2 protein chains.
Amino acid sequence: MSEQSIKLTVDAVVFGYESIPKISVLLVKRKYDPFQGSWAIPGGFVEDGESLEDAVSRELKEETGVEIGYLEQLYTFGNLDRDPRERIVSVAYFGLVRPDTYKISAASDAQEVSWFDINNLPKLAFDHREILDTAIKRLRAKITYEPIGFELLDERFPFSDLENLYTTLLGREIDRRNFRKKIMGFGMLDELDQKVSKGAGRPANLFQFNKQRYFQLKEEGIVFEI
Amino acid sequence: MSEQSIKLTVDAVVFGYESIPKISVLLVKRKYDPFQGSWAIPGGFVEDGESLEDAVSRELKEETGVEIGYLEQLYTFGNLDRDPRERIVSVAYFGLVRPDTYKISAASDAQEVSWFDINNLPKLAFDHREILDTAIKRLRAKITYEPIGFELLDERFPFSDLENLYTTLLGREIDRRNFRKKIMGFGMLDELDQKVSKGAGRPANLFQFNKQRYFQLKEEGIVFEI
DNA sequence: GTTGGTTTGTGTATATTGTACACAATTATG
DNA sequence: CATAATTGTGTACAATATACACAAACCAAC
């Protein structure tokens, strides 16, 4: 009755952001069959004495060297034909990393790990394209009702970075004044006494997301919404 | 390496609605240890050749006799200590049934299956209370941005049923005129030429959710939001 | 050091949407 | 036939969203 031979894995769709601007996802090249040489979402088998979250973090670190900033469960994929060899159910996670992590891991073992622009993806192994699409959908939706976008920016960032991130993800122009008015209205961004200038143009003030204040405001019933 | 001994189960949190009004959840009484005699969310092991959704439907039918109207994946619970005997990872689902289903299954084998008001729950087995709380949170959140509330009502219903459902789930009063204005504004409810009178008061017109029209409107970019 | 190019920073007027609110119509009941 | 209960409906005001343009601060090139 409970003679079950299903194997359990975890996979992690990890997004990064560069102000080119583009949204990227972290992929690894498979060394073995099936799908040898194909790009795939990092992941692997869950060990018996390990929680799902621990498994994701471990696999990510083993396969890509990346330490994740934000991680949440995405969806569990359990179709019968996911893997040609055996029945595998995979709990997919969804992660975000800051640009510093981005640069480090992009520089590491480039033959096996790489960032890909989500608008220019290679063919992926297994049903990983479906998993990735699910993750992209979630990311696009979630930035409109939870302040997770900050997890893709440096800890201190110019306001234009935030604006560009939203423009890129939502795929439409955003009015700078209205956007700023709205975000600052929440009161969860601290404006710092620091400026940064990148190339031409007036130097920008730096901002910082105040997570503690956000939770406080959330308690008080304020809802983040773009 | 892949000598994994994790077992995979599915569980289903099924909600029903009665116009007492209250939101109920379908529970089963456990026959065997562990937690013998405790109430639990219906569910069980996934078979090797069966998709997760099939497993949920099968278990629900076997344990409760209920055929589900609406079903979506909720979350996967994989903590180490979920089950005292062995490592079990459970993919939890979230379902809604119409009142007709409600009455039928509430009448069936009452010693083992029963509906419970979500505000008056017994102690639950395993981590099922956590699963249930996750499901309730999801239900409350989801009715505000997707028209799933109709899955808890009869196919034809008076407007006041919908209003009461939202009042109950959101836990606050709703202005009848404004609510009706908003819902009807979406254009996804058909007003029928039928009236129904329950007890005293002016008879109510019946309405019907037009799912096809909803998908059409969604394509056109209209967003459901309460 | 002046000019042109580039980016940041800011306020107001209008349109849209949300909210508050009360009374007549229709039935059941006694 | 009087009373209680429920459904159905519109308008005025408040709050929020949207559209929109120009000055400030720097860099680069001459």
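Ala, Val, Leu, Ile, Met, Phe, Trp, Tyr, Cys and Pro count as nonpolar, Asp, Glu, Lys and Arg as charged, and the others, Gly among them, as polar. By these classes, the surface near DNA strand D has 5 nonpolar, 6 polar and 10 charged residues, where near means that a heavy atom of the residue lies within 4 Å of the strand. The model is a predicted one, in which local features need pLDDT of at least 70 and side-chain atom pairs count only at pLDDT 80 or more, while totals for chains, interfaces and linings use all residues. Residues are numbered from 1 along each chain as its sequence is written, chains are lettered from A and ligands numbered from 1 in the order in which they are written, and side-chain values use heavy atoms, with hydrogens and water left out.

DNA strand D is surrounded by 21 residues, of which A:N178, B:S160, B:R176, B:R180 and B:N205 are the closest. At least two residues of this surface come from each of α5 (176-186) of chain A, α5 (176-186) of chain B and β10 (204-209) of chain B; helices (H or I, at least four residues) and strands (E, at least two) are DSSP runs, numbered from the N terminus. Among the atoms of DNA strand D within 4 Å of the protein, 40% belong to sugar or phosphate and the rest to bases. A base nitrogen of the strand is 2.3 Å from an N or O atom in the side chain of B:R176. For the side chain of B:K181, an N or O atom is 2.9 Å from a base oxygen of DNA strand D. A polar backbone atom of A:G201 is 3.5 Å from a base oxygen of the strand.

Chain B is superposed on chain A by a rotation of 180° with 0.0 Å of shift along its axis (RMSD 0.0 Å), with the fit made by least squares on the C-alpha atoms of residues with pLDDT of at least 70 in both. The two copies are thus related as by a two-fold rotation axis. The same surface serves both copies, since 96% of the contact residues of chain B recur in chain A; contact means heavy atoms within 4.5 Å.

In chain A, A:T64 belongs to helix α1. A:T64 is buried, with a relative accessible area of 5% (buried is under 20%, exposed over 50%, partly exposed in between; 1.4 Å probe, protein chains only). A polar atom of its side chain lies 2.6 Å from the backbone oxygen of A:L60.

Key:
Polar contact = N/O pair within 3.5 Å; in protein donor to acceptor, adjacent residues only side chain to side chain.
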